[in-house]
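Q: Please take a close look at one part of this model, beginning with the annotated binding site and going on to the cavities and the aromatic contacts. I would like one connected account that keeps computed values apart from what comes from a database record.

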Amino acid sequence: MTRVLSVASECVPLIKTGGLADVVGALPGALAVHGVDMRVLLPGYRQVIDKLAAPTVAAEYGDLFGGPARVLKAPLGDAKSKQVLYVLEAPHLFDRDGGPYMDPKGNDWRDNPERFAALSSVAAMIGADGIEDWHPQILHCHDWQAGFAPLYLRELGAAGRVSTLMTIHNIAFQGMASASRIGTLGLPRTGFHQRGYEFWDSVSALKAGLVYSDKLSTVSPTYASELMTKEFGMGLDGVLRERQEDMVGILNGIDEALWTPPYKTIAEKAKHKAALRKELDLPDDWPGPLCVVISRLTEQKGLDILMQALPALLDRGGQLALLGSGNPGLEEAFQRKAQKHPGVAVRIGYDEDLAQRLMAGGDAILVPSRFEPCGLTQLYGLRYGTLPLVALTGGLADTVINASPAGLAAGCATGLQFHPVSAQALAQAMMRLITLYQDKETWTRMMTNAMASPVSWTHSAAKYAALYQDMVKAKQP
Ligand code: ADP
């Protein structure tokens with residue numbers, strides 16, 4: 001068994017704000033069949049502690065970043081789950097009202113650098129000393145929240161034995177902190193320079209991870225190469241180019257136990273569309289496709305562009321059902337659109353059950369992201385036969401087969417891609433979508449292809465397992 005500690009700030013089914021949680025929650029199960037004993041280390045947010053089934057105490061610390069802390073051990077999932085979860089219980093850091101990163105007013109917690117440095121530091125201690133009788137061979141660090149772990153591990157003198165993998169789920173979040181916090185973060189001052197964790201005169205937890213870990217990965221091959229460019233690297237492209245040889249892109253899969261369509265055949269899908277239209281008060285006699293969006297409403301996701309391009313869909317009898325939350329301006333703009341236009345339904349908020357019903361009842365899922373490391377909703381769309389219409393970027397480029405003339409002629413298309421990310425290109429793509437939708441034979445073929453697409457973890461889990469094995473070998477004396 002290869003022993004891996006997966007260090008992350010979110011994990012399904014305990015706490016989720018985005019795709020990171022789905023991935024962290026799915027990996028242990030997907031990797032178990034490959035002989036990997038992956039355990040997750042998660043912060044003990046109040047919402048997480050409340051959900052633990054029969055936790056036991058696995059480690060205790062008298063003072064961790066200003067207060068006492070413990071590591072609790074519990075099954076990941078329900079009491080019957082074989083996967084092990086470690087939770088860092090540190091009330092002074094994590095027992096608060098609000099979200100994982102933000103207070104109830106939507107402001108970042110001011111001590112976020114210390115909160116996640118504490119998580120990273122405990123990960124490094126577990127790496128160096130083990131926990132109870134378990135000694136991980138690899139720390140798999142996800143995003144900036146785990147970014148300091150490889151550096152702390154070095155400081156503990158254990159980086160020669162324990163290997164580290166830093167995975168970028170989204171390079172937009174860089175874990176910046178003022179250099180005045182180097183002391184409270186327990187960082188070695190010798191690392192504060194251009195080739196260390198210094199970034200624009202500040203400290204970056206993500207950059208620390210990128211510089212000090214043994215291997216790097218991200219969540220799709222296309223994003224792996226995009227990250228090395230000025231356009232997508234967000235200032236870290238130079239760092240990544242230097243480490244090109246150590247970087248791989250491994251696609252995310254989806255947890256098929258959680259995301260299984262409530263139908264076996266394409267014909268049955270109509271029933272779910274009718275139910276969804278009824279639920280959302282959308283007219284049931286419009287001839288065009290019912291397009292759905294399930295998304296954070298942020299600049300990244302390109303929904304401002306969708307707003308501009310929407311007439312191309314609505315004027316041709318198409319409909320839009322959007323579920324999301326985020327940017328208040330966008331929330332309001334979509335709500336106003338829904339009030340004015342009978343073909344638009346908008347639900348602001350976070351609702352996993354509604355997300356499932358949208359996926360089951362929609363004809364197409366729209367993902368017009370400006371950048372998208374992997375993207376999960378297009379994968380759910382494929383599995384549900386809800387054809388993805390996506391921007392040609394990152395994981396969206398790697399997972400959807402475009403209904404180009406060539407894709408259609410070869411009979412393998414699973415969705416539509418557009419480029420560049422502009423309102424005009426999206427409007428044209430929506431018109432193509434409508435034309436395809438009217439051609440029942442082609443549409444059915446595409447649905448069949450989509451539902452047969454390989455979106456499970458099978459392939460990617462094998463790739464992680466092989467990578468871990470190489471990493472373990474590289475540390476053997
Ligand atoms: P990101 O991680 O950038 O937000 P992904 O596509 O990788 O984007 O993952 C988003 C995940 O969050 C998906 O599982 C999606 O279904 C879910 N999601 C996003 N917004 C909502 C929402 N408002 N309600 C329910 N689920 C949502």
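A: In an unreviewed entry, UniProt lists Lys16 under "binding site", and in this predicted model that residue is placed in the loop between strand 1 (2-7) and helix 1 (19-32). Lys16 has a relative accessibility of 25% and therefore counts as partly exposed, since the buried class ends under 20% and the exposed class begins over 50%. The record, again as an unreviewed entry, also lists residues 3-242 as "domain: Starch synthase catalytic". Over residues 3-242 the chain is 30% helix and 22% strand, with the end C-alpha atoms 29 Å apart.

Another lysine, Lys73, lies in strand 4 (residues 69-75), and at 26% relative accessibility Lys73 counts as partly exposed. Its C-alpha atom is separated by 18 Å from that of Ala128, a residue 55 positions away along the chain.

Turning to empty space, the structure holds three cavities of 30 Å³ or more, and the largest cavity has a volume of about 40 Å³. The residues that line the largest cavity are Tyr45, Gln47, Phe94, Arg96, Asp97, Gly98, Gly99, Pro100, Trp109 and Arg115, and this lining divides into four nonpolar, three polar and three charged residues. Two of the lining residues, Arg96 and Trp109, are also in contact of another kind, for Arg96 lies over the face of Trp109 at 4.7 Å from the ring centre. Tyr45 and Phe94, which belong to the lining as well, are part of a cluster in which ring pairs link Tyr45, Phe94, Tyr101, Phe116 and Trp144.

A search of the whole structure finds 14 aromatic pairs. One of them joins Tyr86 and Trp134, whose ring centres are 6.1 Å apart and whose planes meet at 45°, so the pair is tilted, an angle that falls neither under 30 degrees, as stacking would require, nor over 60 degrees, as an edge-to-face arrangement would. Tyr86 lies in strand 5 (residues 84-89), whereas Trp134 lies in the loop between helix 4 (112-129) and strand 6 (138-142), so this contact ties together parts that are 48 residues apart in sequence. Both partners count as buried, Tyr86 at 0% relative accessibility and Trp134 at 5%.

A further aromatic pair is formed by Tyr437 and Trp443, and this one is edge-to-face, with 5.1 Å from centre to centre and 90° between the planes. Tyr437 is buried with a relative accessible area of 10%, and Trp443 counts as buried at 3% relative accessibility. The ring of Tyr437 has a charged neighbour too, because Lys440 lies over its face at 3.6 Å from the ring centre, within the 6 Å that the assignment allows.

Burial can also be followed along a whole element, as in helix 14 (residues 377-384), which is mostly covered, with eight of its eight residues buried. The buried residues of helix 14 include Leu379, Tyr380, Leu382 and Tyr384, and the charged Arg383 is buried there as well. Just after helix 14, Gly385 takes a positive phi of about 65°.

Notes:
Residues are numbered from 1 along each chain as its sequence is written. This is a predicted model: local features need pLDDT of at least 70, side-chain atom pairs count only at pLDDT 80 or more; totals for chains, interfaces and linings use all residues. Side-chain values use heavy atoms; hydrogens and water are left out. On a 1 Å grid over the protein atoms alone, a cavity is a set of points where a 1.4 Å probe fits but cannot get out, and a pocket is an open set with protein on both sides within 12 Å along at least five of seven lines; lining residues have an atom within 4 Å of a point. Grid points are joined across faces, edges and corners, and a volume is the space filled by probe spheres set on the points. Rings of Phe, Tyr and Trp (its six-membered ring) pair if their centres lie within 6.5 Å; planes under 30 degrees apart count as stacked, over 60 as edge-to-face and the rest as tilted. Helices (H or I, at least four residues) and strands (E, at least two) are DSSP runs, numbered from the N terminus. Buried means under 20% relative accessible area, exposed over 50%, partly exposed in between (1.4 Å probe, protein chains only). A charge sits over a ring if NZ of Lys or CZ of Arg is within 6 Å of the ring centre and within 35 degrees of the ring normal. UniProt positions are given in the numbering used here, feature names are shortened, and annotations may be inferred rather than shown by experiment.
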